[in-house]
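Below are some notes for a colleague who has the model open and wishes to follow its sheet, its core and a few loop positions. Each point can be checked against the coordinates in turn.

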Amino acid sequence: MMSSSTDRPIRVAIVDDHTILRAGLRMLIEAKPGIVVVGEAGNRVETFALVEREQPDVILLDLDLGGESSLSFIEDLLVISSGARILVLTGVVEPEQHQRAVRLGAMGLVLKEKCVQDLIEAIQQVNSGQVWFDQSIMTGLVAEVQRTRDPELEKIAAITSREREIVNLVCEGLKNKEIAKRLSLSEATVRNHVTSILNKLELSDRFELALYFYRHGLEHPPR
């Protein structure tokens, strides 16, 4: 799956503080046709320089950069990049960190213990604008939300067909501006619809909205 056309490879930036791991990831990723690694970084400064210079399609981001958490600069990365998607690659099995990463803008999470094919598929899917979660991670995230929320199913009946259409696009990872363009609406209209949906379902943000719809089988579950 290419980032903009069938002849343009997906451009990936690798951010991890272990040099050997970065080298291994580069080799594995570039063995797959249609994906190239445009650079590597091991800390915050190197990461910002790399992203500003190369403007990658996908940023493969480790959560722990030698004692520094990349959670502290995910939002800034999204600002300086031109539409890059962030895919977290982590060995840390901590649902709270995973949930925070997604809230900050990450489009997916892959555990380092998974096979190479899972990583390749995650890169391709995130690049296309879809979300990607390993099933075990998704189960943990849903369980976390369930511990604090148990929305009544009848609330779903209050969601209009237009709002359902917007929710589906939210679940695909689209931002308000992208949804507005897709549906030929103004960005303000989309924003108002999203606010209305969150109020009806008594949810706090888009992350909880996506989990809610996945949990109730109203959207295709992530891989």
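1. Strand β1 is joined to β2 by six bridges, and the two strands run parallel; strands are DSSP runs of E of at least two residues and helices runs of H or I of at least four, both numbered from the N terminus, and two strands count as paired if DSSP finds at least two bridges between them. Within this pairing Ile10 stands opposite Ile35 in β2, and Arg11 stands opposite Val36 in β2. The connection through helix α1 (residues 19–30) makes β1, α1 and β2 a right-handed β-α-β unit, right-handed meaning that, with the strands pointing away from the viewer, the path from the first strand over the helix to the second runs clockwise.

2. Before going further, please note that this is a predicted model, in which local features need pLDDT of at least 70 and side-chain atom pairs count only at pLDDT 80 or more, while totals for chains, interfaces and linings use all residues. Residues are numbered from 1 along each chain as its sequence is written, and side-chain values use heavy atoms, with hydrogens and water left out.

3. The sheet is open and has six strands in the order β2-β1-β3-β6-β7-β8, with parallel pairing. Strands β2 (35–41) and β8 (132–133) stand at the edges with a single partner strand each, so one side of each is left without a neighbour in the sheet. The secondary structure of the chain comes to 10 helices and eight strands.

4. On the other side of the pairing, four bridges join β1 (residues 10–15) to β3, again running parallel, with Val12 opposite Val58 and Ile14 opposite Leu60. Strand β3 is in turn joined to β6 (residues 85–90) by four bridges, and these two strands run parallel; here Leu61 stands opposite Val88.

5. How many residues of β1 are buried? Six of the six are, so β1 is largely enclosed by the rest of the structure, where buried means under 20% relative accessible area, exposed over 50% and partly exposed in between, with a 1.4 Å probe and protein chains only. Both faces are covered, with Ile10, Val12 and Ile14 buried on one side and Arg11, Ala13 and Val15 buried on the other. In β3 (residues 58–61), Val58 and Leu60 point one way and Ile59 and Leu61 the other way, and all are buried.

6. Two helices can be placed against the sheet, contact meaning heavy atoms within 4.5 Å, and axes being lines fitted to C-alpha atoms, for helices over the stretch in contact, with angles from 0 to 180 degrees between N-to-C directions. Helix α2 (residues 44–54) lies across β1, β2 and β3 and runs at about 140 degrees to β2, whereas α4 lies across β6, β7 (108–111) and β8 and runs at about 145 degrees to β7. In α4 (residues 95–104), His98, Gln99, Ala101, Val102 and Leu104 are buried, and the helix is followed by Gly105, whose phi is positive, near 130 degrees.

7. The largest nonpolar core (buried Ala, Val, Leu, Ile, Met, Phe, Trp, Tyr and Cys residues joined through side-chain atoms within 4.5 Å) has 68 residues, of which Ile29, Leu87, Ile123 and Leu209 touch the most other members. Helix α10 (residues 206–215) gives the most to this core, with seven residues. Leaving aside residues up to four places away in sequence, Leu87 touches a set that includes Val58, Ile59, Leu60 and Leu61 as well as Leu119, Ile123 and Val126. Of the 223 residues of the chain, 46% count as buried.

8. Which loop holds Leu174? Leu174 is found between α7 (161–171) and α8 (176–183), and at 8% relative accessibility it counts as buried. Its C-alpha atom is separated by 6.8 Å from that of Gly129, 45 residues apart along the chain. Beyond residues up to four places away in sequence, Leu174 touches Gly129, Leu169, Ile179, Arg182 and Arg206.

9. Two positions outside glycine deserve a look for their backbone angles. Ser184, in the loop between α8 and α9 (187–201), has a positive phi near 60 degrees and is exposed, with a relative accessible area of 67%. Glu202, in the loop between α9 and α10, has a positive phi near 55 degrees.
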